[in-house]
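Good morning, and thank you for joining this short presentation. I would ask you to look at the sequence and the structure before I begin my remarks.

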Amino acid sequence: MVVYAAQGDPRRSMALLWRTESPDVERPGPKQGLSVELIVETAITIADAEGMAGLSMRAVGDRLGRTAMALYTYVPSKSELLDLMYDKALAELPASRDGDGWRADVTQWAEDLWDFYLRHPWVLQISQARPVLGPNEYVVLEALVKILRRTGLRPVVLRRLVSALYACVREPARTASETRLAEKVTGQSGDEWWYARSAHLREVSPDFADRFPTLTWMEAGHAFRMEDETVSYLEQEAREAFELSLTVLLDGIEVAMKAE
């Protein structure tokens with residue numbers, strides 16, 4: 001399920017994200033016991049546990065012992081709530097790195113982002129076609145660009161590398177998170193599903209080796225064998241794809257640096 005963020009009123013959404021106006025308005029009568037921060041934190045807790053499917057204004061209100069209507073004074077709609085959740089979650093990521101060199105720092109940046117995605121898999125359902133443009137989103141981006149600037153490459157090259165690095169982490173992390181979710185939703189582990197179906201390949205395609213000789217060659221070379229039996233095959237595959245693509249990308253950056 002793809003979710004598009006940044007769909008609420010632009011002025012109100014950006015004001016809430018950047019805190020240019022007080023998010024919690026004083027009201028007459030008894031203290032409400034609510035705040036934008038509390039609502040957002042509660043929504044993140046729900047999304048972490050139940051995914052986007054379990055997230056609604058009513059669900060957040062129920063968790064807080066309030067009606068959904070009581071939340072709208074603080075957060076105008078679910079669209080704004082989603083923006084705030086996304087940006088709030090990104091605050092977990094380090095704002096800067098200054099370690100043993102640009103390559104080590106980019107690697108750690110990518111590792112932190114990988115762990116972040118697996119902690120908050122619902123974030124991966126938020127399409128990048130509509131950026132939230134919140135402050136923490138820019139903090140994470142600033143941290144990466146600051147590291148990459150040490151390579152000496154031109155700004156236009158760095159901009160493309162930023163996109164490549166996000167994709168390098170995001171897509172394998174999506175596969176890993178969906179693999180975990182599939183087991184929860186279907187009640188069948190990834191390996192159980194895989195072995196149950198792949199076992200019938202010879203039955204339905206006795207000429208498989210002739211039809212797909214290159215894949216058969218890879219299989220003979222143990223290309224599909226995973227070492228850790230405690231982690232599902234597809235999750236290991238995703239993790240290894242992430243590590244290898246990151247290494248290849250960083251190697252390419254070093255080549256580009258020498259060509260400058």
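I shall speak about the overall fold, then the annotated regions, and lastly a charged patch on the surface.

Please bear in mind that this is a predicted model. How many helices and strands are there in the protein? There are twelve helices and zero strands. Read along the sequence, the pattern is therefore written as α-α-α-α-α-α-α-α-α-α-α-α. The C-alpha trace spans about 75 × 50 × 30 Å along its principal axes. The protein has 260 residues, and buried residues make up 36% of them.

Let me turn to the annotations. An unreviewed UniProt entry gives "domain: HTH tetR-type" for residues 33–93. Over residues 33–93, the chain is 59% helix and 0% strand, and the C-alpha atoms at the two ends are 29 Å apart. UniProt, again in an unreviewed entry, lists residues 56–75 as "DNA-binding region". For residues 56–75, the figures are 40% helix and 0% strand, with the end C-alpha atoms 12 Å apart. I would add that such annotations may be inferred rather than shown by experiment.

Finally, the surface. Which residues form the negative surface patch? They are Glu227, Asp228, Glu229, Glu237 and Glu240. Glu240 lies in helix α12, which covers residues 233–259. Is Glu240 buried or partly exposed? With a relative accessible area of 39%, Glu240 is partly exposed. Patch residues must have over 30% relative accessible area, so Glu240 meets that part of the requirement.

Thank you for your attention.

How values were computed. Residues are numbered from 1 along each chain as its sequence is written. This is a predicted model: local features need pLDDT of at least 70, side-chain atom pairs count only at pLDDT 80 or more; totals for chains, interfaces and linings use all residues. Side-chain values use heavy atoms; hydrogens and water are left out. Patches are made of residues with over 30% relative accessible area and no salt bridge: like charges are joined within 9 Å, nonpolar side chains (Val, Leu, Ile, Met, Phe, Trp, Tyr) within 5 Å. Accessible areas come from the Shrake-Rupley method with a 1.4 Å probe; for residues, only the protein chains shown count as cover. A salt bridge is a side-chain nitrogen of Lys or Arg within 4 Å of a carboxyl oxygen of Asp or Glu. Lys and Arg count as positive and Asp and Glu as negative; His and the chain ends are not counted. The place of a charge is taken as NZ of Lys, CZ of Arg, CG of Asp or CD of Glu. Helices (H or I, at least four residues) and strands (E, at least two) are DSSP runs, numbered from the N terminus. Buried means under 20% relative accessible area, exposed over 50%, partly exposed in between (1.4 Å probe, protein chains only).
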